[in-house]
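Reader: Could you walk me through the inside of this one? I'd like a close look at the enclosed space, and then at what surrounds it.

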Amino acid sequence: MTRSISIFGVTGSVGQSTVDIILSAPDSFDVRVVTAHRQVDKLAEIAVKVGAKVAVIADESAYLALKEALSGTGVEALAGQAALVEAAGQAVDICMAAIVGMAGLEPLMASIEHCKAVAIANKEPLVSAGPLVMAAARRYNTKILPVDSEHNAIFQVFEEQNRVSIERIILTASGGPFRTWSLDEMARATPQQAVAHPNWTMGAKISVDSASMMNKALEVIEAHYLFDMPADKIDVLVHPQSIVHSMVEYEDGSILSQMGASDMRTPIAYALSWPDRMRTSGDRLDFKALSRLDFLAPDDDRFPSLSRAYQCLADGESACVALNAANEIAVEAFLQEKIRFLDIVDVIDSVLESVGSCALNSIETVVDLDGRCRTMALDYIYSRQIKLGV
Ligand code: NDP
């Protein structure tokens, strides 16, 4: 059976792994829409390679460049945020949501309204607007397929029919590149060191999030909404080998886990072929080559982000919006060397302290609060002038 598919954020790390899967089974997929932010040439190249009908560049000023790059290929070129959202409204069997950050929220909501299934890698909209995203999926009867390797693992072993028997879900965390670093060492960490993840090759933002363990914090909130599990039933264990991708523990003492190599093509293939499975050429796990599997409790002193996630879930949805917005601003500032690595959590705390609580009953209210939190984070950064070496 051929499935129609659109890929939002096709030029990114998840986007390209998705393309790998599609090219390995070209008869199984009919690619309609591919999108990117600014990488025109890469977008045009991928669009032609996968035989997409439409390519959308979010940055409007890149329209002419995209049109020229696609001239004579038969792929339609579109540009701008409105075009992105409109393209997400094209009904397809499955939409891959792989934009990074809250920029993916509006296209995500449009794809949930119009597509049969949405594979979600783009965790930030789930963190900030989880109840609205999941309510829309229920309203439009759209299947949400988790792509994040941990949530995909849980999805694979979560017995919905035995939901009441589930005692807890356990998210595993690699611990990132700074797992064994002291606070002094982390204080001097450079963006290059932060993005050098030991097990996964990913985009810059999620790599920094992994280094601070904010990625796991966002994933706790993501799991809360995706699986409708209370925070006290979501645990985190550091597992440096990234082999056990997450676990579900049942009341009879059984723990089901999904294992595999650290290769995003496995969870992506599962999402794209669900409820079936498809063959991939991804890395395979060689048990004979494994000497050990380690599991450790997270260290809250060196990685305080994780406790912020639980606090935000207790405080309510506004706090989750603030956490995500402040983190996006702080990570960008760190990557631009405007703040130091350990300042990221200070920026987040400053916004969490002032955000207050408001009703978030529409996407517009979430977007509005997200914008205000970003301004607060920027104000904090500039008022403190926490510049590297200053
Ligand atoms: P990348 O940075 O590698 O790619 C991001 C993609 O989003 C690119 O196609 C980029 O386009 C596009 N994009 C960026 N900003 C905008 C914008 N303002 N408007 C529209 N499109 C935009 O990210 P990743 O692939 O690493 O991650 C994507 C999402 O998946 C994130 O939410 C991340 O947390 C999640 N995720 C990623 C994993 C991974 O292994 N990488 C694993 C699990 C989850 P351009 O290239 O033109 O800039």
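Author: Helices (H or I, at least four residues) and strands (E, at least two) are DSSP runs here, numbered from the N terminus. On that basis the chain has 16 helices and 11 strands. Its radius of gyration (taken over C-alpha atoms) is 20 Å, close to the 21 Å that the globule rule (2.2 Å times the number of residues to the power 0.38) gives for 390 residues, so the chain is as compact as a globular protein of that length. Bear in mind that this is a predicted model, where local features need pLDDT of at least 70 and side-chain atom pairs count only at pLDDT 80 or more, while totals for chains, interfaces and linings use all residues. Residues are numbered from 1 along each chain as its sequence is written, and side-chain values use heavy atoms, with hydrogens and water left out.

Now for the enclosed space. A cavity is a set of points, on a 1 Å grid over the protein atoms alone, where a 1.4 Å probe fits but cannot get out; lining residues have an atom within 4 Å of a point. Grid points are joined across faces, edges and corners, and a volume is the space filled by probe spheres set on the points. Searching the whole structure turns up 1 cavity of 30 Å³ or more, and the largest has a volume of about 40 Å³. Its lining is made by Phe8, Ala88, Cys95, Ala97, Ile99, Gly104, Pro107, Leu108, Ser111 and Asn122. Strand 5 (94-97) and helix 5 (105-114) each supply at least two of the lining residues, and helix 5 has the largest share, with 3 residues. By type, the lining divides into 7 nonpolar, 3 polar and no charged residues (Ala, Val, Leu, Ile, Met, Phe, Trp, Tyr, Cys and Pro count as nonpolar, Asp, Glu, Lys and Arg as charged, and the others, Gly among them, as polar).

What about the rest of the interior? Of the 390 residues, 55% count as buried (under 20% relative accessible area, with a 1.4 Å probe and protein chains only). The largest nonpolar core (buried Ala, Val, Leu, Ile, Met, Phe, Trp, Tyr and Cys residues joined through side-chain atoms within 4.5 Å) has 134 residues, of which Val34 and Ile169 touch the most other members. Helix 14 (residues 317-335) gives the most to this core, with 12 residues. Leaving out residues up to four places away in sequence, Ile169 is in contact (heavy atoms within 4.5 Å) with residues including Phe158, Phe227 and Met247.

Definitions and conventions
1 Å grid on protein atoms, 1.4 Å probe; cavity = no way out; pocket = protein on both sides within 12 Å on 5 of 7 lines; lining within 4 Å. Buried < 20%, exposed > 50% of the residue type's maximum accessible area, 1.4 Å probe, protein only.
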